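Notebook open, coffee poured. Today I am looking up one pocket and one helix pair.

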Amino acid sequence: MIETPARNLNLDAQPITLQTWLDRVAARESHVAIIGLGYVGLPLALLFSDARFRVTGLDIDPHKVDSLNANRSYIHRIEPEHILHARSTGFSATTDFAALSACDAILICVPTPLGPNHQPDMSFVENTIAALAPHTRPGQLIVLESTTWPGTTEELVIPILERLGPAGTKVARNPTPVEPAAPLAEPYTLDPIPSLLVAFSPEREDPGNLITPRHAVPKVIGGVDARATQAAAALYATIFDQTVQMSSPAAAEMTKLLENIYRSVNIALVNELKQLCLAMNIDIWEVIDAAATKPFGFQPFYPGPGIGGHCIPVDPFYLTWRAKQFQQRTRFIELAGEINEAMPAFVAQTVENALTTLQNKKILILGVAYKRDIDDLRESPSLTIIDLLQRAGAEVAYNDPFFPEVGHGRHYSLKMQSTPLNLVPTFDCVVLVTDHSTYEIANLVQASNLFVDTRNATRGLTAPNIIRC
């Protein structure tokens with residue numbers, strides 16, 4: 001973790017009241033900072049800009065900062081005109097943490113990946129808190145949005161803020177317990193030593209979702225202090241239709257994990273059933289669709305080649321790691337993780353069975369994004385499938401309309417360019433991993449020597465070269 005020298009706090013500063021804080025939010029006078037301008041932070045910054053707040057975006061990647069300050073976007077579906085509009089309302093991007101001292105609210109949206117042994121990698125959070133701490137000031141609201149284990153805000157974030165912040169920095173805590181949703185009889189005055197307001201509010205981004213607007217997704221908030229909860233709720237209520245105030249940061253942290261563990265477990269269930277149904281010559285998608293006609297007690301989840309993205313492959317392991325510290329074992333969660341992580345190998349084995357051998361076979365992967373119609377590679381099962389096929393001796397190429405080329409990331413180094421679809425007939429096998437809407441499936445099947453479908457994209461088609469996986 002980066003250790004940043006603390007500066008002295010101005011103990012003569014006038015304590016701010018909660019009512020003053022709320023009034024500034026209502027008047028759109030608050031200055032909001034977003035740290036981490038990726039798939040979560042940049043859309044959040046644009047929402048606050050649209051709500052007429054002055055917004056400063058901070059990222060350690062100078063390419064992102066330069067792009068935004070030049071009115072350029074690097075995320076699909078965020079157009080340059082969106083950036084231009086935000087810039088016209090005062091949005092700017094920087095790599096300088098000193099700019100945070102002028103901000104009233106600092107919202108942190110940095111990665112929380114897994115280490116090599118499925119343990120949480122908190123380096124991004126720790127380094128971010130250490131870098132911002134010396135630039136904090138009385139009355140600021142600091143909110144962590146990054147998905148993490150229950151207890152992070154109180155056990156990791158606060159100690160760094162108080163240790164590396166200006167001398168005398170304290171995080172506001174309730175003098176007496178107060179229910180977060182209960183109205184205050186009168187505005188609180190912050191602690192005698194000017195204090196920070198700290199909360200946790202998990203991001204709920206759904207990349208590629210064109211049905212549910214971001215502002216319609218309720219915002220869960222858990223403050224260390226009731227004043228922090230109310231301050232954060234007031235701020236987020238300006239851009240979200242509903243806020244859900246919780247009793248603590250840990251409860252809010254657990255809520256985010258439950259949401260994604262719920263999905264992980266149910267996806268694992270249908271992934272396991274898919275393999276059984278294939279052996280029994282039953283169409284799992286037909287079965288799921290039929291079960292979904294029941295108006296109660298069932299929600300459809302669908303199988304695939306594996307799970308990807310920044311949440312489902314990662315978040316459950318944050319809780320299994322945390323549970324071990326309480327001498328608890330999360331067997332259900334661990335089993336789901338094992339099943340989902342095994343799906344890329346199932347796909348690779350299916351391809352090998354169909355070709356007899358992978359040695360020197362030419363294989364084209366369709367889609368490397370982890371999800372349809374997005375430009376996001378994080379934890380994509382395609383990357384694992386490519387690696388497994390290459391290790392078995394295959395010559396592997398890919399096509400993806402969202403990735404003209406793929407370089408290297410935390411767990412891969414492909415250095416490949418997208419292959420034109422007119423070369424499909426030159427491959428021994430085509431494997432559909434991500435079913436982008438631009439793919440004309442019937443034409444691709446007809447042009448392929450062998451077409452392995454992991455997404456049920458060939459439903460309704462009958463051809464001898466189709467292998468459903």
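**Entry 1: the pocket.** I went to the second largest pocket, and its volume comes out at about 1,300 Å³. Note to self: this is a predicted model.

I then pulled the lining, which counts 36 residues. Which of them lie nearest the centre of the pocket? I noted Asp206, Arg263, Ile267, Ile312 and Lys371.

Next I asked which elements give two or more residues to this lining. I got helix H8 (249–279) and helix H9 (284–291). H8 gives the most, with 6 residues.

I also split the lining of the second largest pocket by class: 14 residues are charged, 12 nonpolar and 10 polar.

**Entry 2: the helix pair.** I moved on to helix H2 (residues 41–50) and helix H4 (residues 80–88), which pack with their axes 9 Å apart and at an angle of about 50 degrees. Angles of 65 to 115 degrees would be roughly perpendicular and those under 35 roughly parallel, so I logged H2 as oblique to H4. For handedness, I wrote down that H2 passes H4 in a left-handed crossing.

Which residues meet here? On the H2 side I listed Leu42, Leu46, Ser49 and Asp50. Their partners in H4 are His82, Ile83, His85 and Ala86. I sorted the contact of H2 with H4 by class too, and found 4 nonpolar, 3 polar and 1 charged residues.

Key: Residues numbered from 1 in each chain as written. Predicted model: local features only at pLDDT ≥ 70, side-chain atom pairs only at ≥ 80, totals over all residues. Heavy atoms only, no water. Axes fitted to C-alpha atoms, helices over the stretch in contact; angles between N-to-C directions. Helix = DSSP H or I, 4+ residues; strand = E, 2+ residues; numbered from the N terminus. Parallel < 35°, antiparallel > 145°, perpendicular 65-115°, else oblique. Left-handed = near helix turned anticlockwise from the far one by under 90°. Contact = heavy atoms within 4.5 Å. Nonpolar A, V, L, I, M, F, W, Y, C, P; charged D, E, K, R; others polar. 1 Å grid on protein atoms, 1.4 Å probe; cavity = no way out; pocket = protein on both sides within 12 Å on 5 of 7 lines; lining within 4 Å. Points joined across faces, edges and corners; volume = space filled by probe spheres on them.
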